Amino acid sequence: MFARSAFRAAQPLKRTALSRTYATEAPKQGTNPAVFAAAGLAIAGGGYYYLSANPGTAQKAAEKAKAAIPSGPAKKAFTGGDQGFISLPVEEVEIINHNTKRVRFKLPEDDMVSGLDVASAILTKYKYEDQEKPTLRPYTPTSDESERGYIDLIVKKYPNGPMSTHIHDLTPGQRLDFKGPLPKYPWAANKHNHIALIAGGTGITPMYQLIRAIFNNPEDKTKVTLVFGNLTEEDILLKKELAHLENTYPQRFRAFYVLDNPPKEWAGNSGHIDKNLLKTVLPEPKEDNIKVFVCGPPGLYKAISGGKKSPKDQGELTGILKELGYTQEQVYKF
C-alpha cells in the first residue's frame, strides 16, 4: 500500500518550512524553584507531623516505601542464547485506530525488565492448526527497556498477515510465545553526531526505541531528524510522544510527516518524498559522523535504500540515498 503511493505531502510537526537548522536554545521552564521548594517543605512538614503523631503508621509507611524500591539490578525476562520461547499473557489491549492496537504482555515476574538492549527486537511465534510450521515475526516493543513487569507492542493488522491478525484477536488472559532479544544496531551515547530516521508505518517502532534512548540519556547530545510516512493522518503512530519530544528538544529533534492521502487541512507541501525533499531535511553525506536508518514496508526500502538480503546482510545500497551520495557505511536498514 505504501509502495504505490510514492509518498506525498511532507510536513514538519507544527512547522511548514523544511530546513536543516535547529533552534539554539532549550525551552525555558516555567516553574519557580523557590516556590516549588517552599511547597515541598510545607508538604514534607505536614507529613512529618502526621507520621510523628502516629508511630505505627510511620513504621508501616517506611516498610511499604522500602518494599517498593527494587534492590539490586533488575532480573531480565529475555536473556538470549539457549533460552527458549517464553509464554506471556495479555494484560490489556488498547485500540489506537482502525487497524492498530497496543497490546501489553505481562512478564513472568513483576520486577523483571524485558532484557532488550537498544536497538534490539523480540521474536513472536504462533502456529495455526492448519500450518505445518509456526509463524515467526519480529516486533520492537514501544515500552521503555527499564519498565518492569510488562512489554508493550504496537501492532498494525495487515490483510493476510497471520501474526498481526492473531495478535489483534488476543484478549486479556490469552498468551503468546516470545523469544529474544534479537540484536540490531548497538547504540551508545554520542555514537553519531546526527542521525536520520526514515520510517514507514510500523517501521517507526525501532526508530522510537532509538529516539527514546537518546533523549532519556542526559549525556547523549545526538541530533535526530525523522521522516515518517503513512497513508493517512490517523495512521501516524506515536504522534503524541514524538510531538512531546520535538517540543521539548527543538534544538536537537525535527520530525517531518508524509501522507499518501492528506486531509484538506494538512499544512504540508503536496508531492512526493523524492530526492529534493530528502536532500533538504537530512544531514548531508559530507557531514562528520552521521548515520541514516531505514525501516518500513518493501516499497519504502526499494525507493529509499534498497532492501536487505537477510538479518545479517544489509545488501547493496541503492535508491535515493545512493543517488544523494550516502555510502554503504552511512546507512543501516532495520
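User: Before we start, what counts as a charge sitting over a ring?
Analyst: Here, NZ of Lys or CZ of Arg has to be within 6 Å of the ring centre and within 35 degrees of the ring normal. Keep in mind that this is a predicted model.

User: Ok, so what does R104 lie over?
Analyst: R104 lies over the face of Y150, at 3.6 Å from the ring centre. There's also K191, whose charged end sits over the ring of Y185, 4.4 Å from its centre.

User: Which residues does Y185 cluster with?
Analyst: Ring pairs join Y185 with F293, Y332 and F334.

User: How many aromatic pairs are there in the structure?
Analyst: Eleven aromatic pairs. One of them is F105 with F178, edge-to-face, with 4.8 Å centre to centre and 70° between the planes. F105 is in strand β3 and F178 in strand β7, 73 residues apart, so to speak of the pair is to speak of a link between distant parts of the chain.

User: Are those two buried or exposed?
Analyst: Both F105 and F178 are buried.

User: And why is the F228 and Y257 pair called tilted?
Analyst: Because the planes of F228 and Y257 are at 50°, with the ring centres 6.3 Å apart. F228 is in strand β9 and Y257 in strand β10, so this pair ties together parts 29 residues apart in sequence. F228 is buried at 0% relative accessibility, and Y257 is buried too, at 1%.

User: Switching topic: how many cavities of 30 Å³ or more turn up?
Analyst: Two, from a search of the whole structure. The second largest has a volume of about 30 Å³, and its lining includes S114, L116 and P141.

Notes:
Residues numbered from 1 in each chain as written. Predicted model: local features only at pLDDT ≥ 70, side-chain atom pairs only at ≥ 80, totals over all residues. Heavy atoms only, no water. 1 Å grid on protein atoms, 1.4 Å probe; cavity = no way out; pocket = protein on both sides within 12 Å on 5 of 7 lines; lining within 4 Å. Points joined across faces, edges and corners; volume = space filled by probe spheres on them. Phe/Tyr/Trp six-rings, centres within 6.5 Å; stacked < 30°, edge-to-face > 60°. Helix = DSSP H or I, 4+ residues; strand = E, 2+ residues; numbered from the N terminus. Buried < 20%, exposed > 50% of the residue type's maximum accessible area, 1.4 Å probe, protein only.
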